[in-house]
Amino acid sequence: MTQLALIIDLNVCVGCHACVTSCKEWNTSGPAGPMSDENPYGADPTGVFFNRVQTYEVGTFPDTCTLHFPKSCLHCEDPPCVPVCPTGASYKRKEDGIVLVDYDKCIGCQYCSWACPYGAREFDEKQKVMKKCTLCVDRIYSETLPERDRKPSCVLACPTGARLFGDVHDPESNVSRAIRDNAGYDLMPEWGTHPANHYLPRRRTTMTIHEDELIRADNPLKIDGKQPKPTTQQPTLDDSTSW
């Protein structure tokens with residue numbers, strides 16, 4: 001059975017939020033939208049985002065580094081949000097494994113949000129329904145788009161190629177190879193939800209810098225021993241400008 005998913009390489013994600021903005025732009029004008037933002041710059045903002053990037057400082061000073069962690073619905077193979085839905089609004093598609101919400105059936109009870117251990121559900125305060133990442137299902141199957149563009153908008157927008165998209169059940173797919181070759185892992189396996197989305201871990205590179213490498217050989221401040229100075233006969237700004 002096909003299971004479409006995202007693979008996120010934490011080693012090359014730079015936290016630019018291009019995936020966040022492109023996701024918001026595409027989905028707010030599509031079948032999933034509008035994705036409202038209420039009082040976005042106030043003291044108590046609310047908004048719907050299918051994808052968010054959280055940034056952490058990892059390690060103990062001075063040996064620290066910054067980690068950017070994109071997070072969205074993981075399209076679990078055994079999603080706990082589906083069986084708790086009293087109306088059947090949350091469901092998992094058999095043909096591709098994508099977990100979706102039928103807004104016509106959703107009553108906004110938020111049971112699915114409480115059941116999701118990853119906090120991936122979003123409640124739209126304006127429409128009073130639950131929303132979530134759809135893997136851009138309207139885009140990946142669109143016959144009006146060129147084949148190369150039939151991917152989630154976040155994948156196409158990522159400038160560093162940190163996001164991959166494909167079938168994780170196909171052992172020869174690009175995402176399956178990335179998981180095998182880079183020790184990809186899923187989040188919180190102890191919950192038994194079997195997330196389809198995977199992450200590729202940070203690969204720390206050891207770098208040694210010698211003291212002489214911190215001194216520029218071509219430092220312009222030390223050329224000829226002094227900085228050039230204008231002569232007193234050269235015109236100044238005061239000579240040509242009226243303040």
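## Pockets

Let's start with the lining of the largest pocket, which by class has six nonpolar, three polar and two charged residues. This is a predicted model, and the volume of that pocket comes to about 190 Å³. Its lining consists of Asn27, Gly30, Pro31, Ala32, Leu100, Val101, Tyr103, Lys132, Thr134, Val137 and Asp138. Which elements give two or more residues to this lining? They are strand E7 (99–101) and helix H3 (137–140).

The second largest pocket holds about 150 Å³ of space. Around it you will find Asn11, Val58, Gly59, Asp63, Thr64, Cys65, Leu67, Arg202, Arg203 and Arg204. Two or more residues of this lining come from each of E4 and strand E5 (63–72), and E5 gives the most, with four residues. By class, the lining of the second largest pocket has four charged, three polar and three nonpolar residues.

## Helix H1 and its neighbours

Helix H1 covers residues 18–28, and its buried residues are Ala18, Cys19, Val20, Ser22, Cys23, Lys24 and Asn27. For a helix, it helps to recall that an α-helix has 3.6 residues a turn, so residues three or four places apart point the same way.

What do the buried residues of H1 pack against? Their partners are two helix and strand neighbours from further along the chain, helix H4 (153–157) and strand E10 (163–167), together with strand E2 (37–38) and strand E4 (51–60). Two links to the pockets are worth following on screen: Asn27, a buried residue of H1, also lines the largest pocket, while E4, a packing partner of H1, contributes to the lining of the second largest pocket.

## The open sheet

E10 also belongs to an open sheet of three strands, in the order E10-E1-E11, with mixed pairing. Why is one side of E10 and of strand E11 (198–200) left without a neighbour in the sheet? Both strands stand at the edges, each with a single partner strand, so one side of each has no neighbour there. From one strand to the next, the twist averages 25°.

Strand E1 (residues 4–9) pairs with E10 in the antiparallel sense, over five bridges. Within this pairing, Leu4 stands opposite Asp167 in E10.

Lying across E1, E10 and E11 is helix H5 (residues 174–181). Relative to E10, H5 runs at about 115°. E10 therefore makes a handy landmark when you view the model: the buried residues of H1 pack against E10, E1 pairs with E10, and E10 stands at an edge of the sheet.

Notes. Residues numbered from 1 in each chain as written. Predicted model: local features only at pLDDT ≥ 70, side-chain atom pairs only at ≥ 80, totals over all residues. Heavy atoms only, no water. Buried < 20%, exposed > 50% of the residue type's maximum accessible area, 1.4 Å probe, protein only. Contact = heavy atoms within 4.5 Å. 1 Å grid on protein atoms, 1.4 Å probe; cavity = no way out; pocket = protein on both sides within 12 Å on 5 of 7 lines; lining within 4 Å. Points joined across faces, edges and corners; volume = space filled by probe spheres on them. Nonpolar A, V, L, I, M, F, W, Y, C, P; charged D, E, K, R; others polar. Pairing = 2+ DSSP bridges. Axes fitted to C-alpha atoms, helices over the stretch in contact; angles between N-to-C directions.
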